[in-house]
Amino acid sequence: MNNRLMDYLKKPFAYAIVFGTLLTAANGYVLLKTYMIPSVEGRVIEAQDDSYYNDVIAVEPSQSEITETSYTDENIKIVINTIRYDNTNVYIADITLSSASLLKTAMANDTYGRNVTQKTSEIASTHNAILAINGDYYGANSQGYVIKNGVIYRDTARKNTEYDDLVIYKDGSFGIVNESQVTAQELLDSGAVNLFAFGPALVSDGKVVVSQNEEVGRAMAENPRTAIGIIDNLHYVLVVSDGRTTASQGLSLYQLAQVMQQYGCVTAYNLDGGGSSTMYFNGQVVNNPTTNGNRISERSVSDIVYIGY
C-alpha cells in the first residue's frame, strides 16, 4: 500500500480523535459549570427596611438565657430535643417567636449564583444566627423560584412541577404552592417573604401527604434529612436527622413526615438532605453531618434558614 493511500486512511481517524477529544472536553466543562464552577450572578439585595412584615420588628434584647439545649429571650424561645426514631438520631428544635421577622434566610457569601457555597455553620456565624439549618440548595439548579427575605432573585419556574414549593408569608404563616399556577411576582405581591423549591411537602392540614415509598429523585430510602414545619402562629419546628452511619441509619420521607406530624405540625416541608443536613445552635453544629458515612463533616450549601436578629 503506497504512502498516499496510507495518509488518506489516517486522516478520518485523526479527525475522529480530535472531535472526540473536543467533545469530551466540552461535556466535562458543562458538568463542571453545572455542578462545581461558581457562577456569581449578584450580591444579596438588602431590603431598605423590614416593612414587608406585618408585625413589629423585634429588637435584640440586652439579656438572654442560654443552655446547651435551649435559648430564651423576650422574643425567642428555642428548645432542642434529641430523640431516637427507628435507629436514627433526630434533632428537633421547637421554636416560638414574637415576630415573623426573626425567621430569616441567608445565602452563602451573601452572594446569589450557581455553585456559590459555604458550610451552614459559616453562613450562620456570619449572620449571628442563634439557630440555623441548611436550606433548599437553590444554587444547584438553574430553575425554580428563588425568593429570599422579600426579594425575587429568580423567577424562572421549575419545568418539573411534580413537587410544590413552601412559601413563608410576611405574617409568618406557611403556604404550599405550585410554580405552574402562580408567578414569582404574584407570590411576592401576596406577601411571600421566603420560598423553598425543594420538596416534597410532608404534612398538609395536619395530615401526612407523602406515600411510604416516595423519594426525591434517586435518593436512598434512608437518608440524613432536613425539614421545616409550623405548629401554629409563630410556632415552628426545625428538624434534622443523621444518617448513613452505623450509629444512625437515616429516615425515609414518610418517617420524616411522621416525626413532623407527631410534633403537631399542620404544614411541614422537606428541604435538602443527605450530606447537606446540618443543624447549628449557639455557635456549634449539633448533629453529625455526613455524605457517605465515612467521615463526619459538613457539606457546603448555597443557603440556610435561621433564627436571629
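Helices here are runs of at least four residues and strands runs of at least two, both assigned by DSSP and numbered from the N terminus. Keep in mind that you are looking at a predicted model.

**Stop 1: the whole chain.** Switch to a cartoon view of the protein chain. What does its secondary structure come to? You should find four helices and 23 strands.

**Stop 2: inside and outside.** Now show the surface. About 15200 Å² of the protein chain is exposed, and carbon and sulfur atoms supply 49% of that. Of the chain's 309 residues, 48% count as buried. Try the contacts too: take those with a separation of 6 or more, and 72% of them come from residues 24 or more positions apart.

**Stop 3: aromatic rings.** How many aromatic pairs does the structure hold? There are three. Select Tyr-112 and Tyr-153 to see a tilted one, with 5.4 Å from centre to centre and 35° between the planes. Color the strands around this pair: Tyr-112 sits in strand E7 (residues 111-114), while Tyr-153 belongs to strand E11 (residues 151-154). The pair links distant parts of the chain, as its two members are 41 residues apart.

**Stop 4: buried or exposed?** Stay with those two tyrosines. Tyr-112 has a relative accessible area of 6%, so it counts as buried, the cut-off being under 20%. Tyr-153 comes out at 14%, so Tyr-153 is buried as well.

**Stop 5: one more ring.** Add Tyr-138 to your selection. Together, Tyr-112, Tyr-138 and Tyr-153 form one aromatic cluster.

Conventions
Residues numbered from 1 in each chain as written. Predicted model: local features only at pLDDT ≥ 70, side-chain atom pairs only at ≥ 80, totals over all residues. Heavy atoms only, no water. Buried < 20%, exposed > 50% of the residue type's maximum accessible area, 1.4 Å probe, protein only. Contact = heavy atoms within 4.5 Å. Areas by Shrake-Rupley, 256 points an atom, 1.4 Å probe, with all protein chains shown as cover. Phe/Tyr/Trp six-rings, centres within 6.5 Å; stacked < 30°, edge-to-face > 60°.
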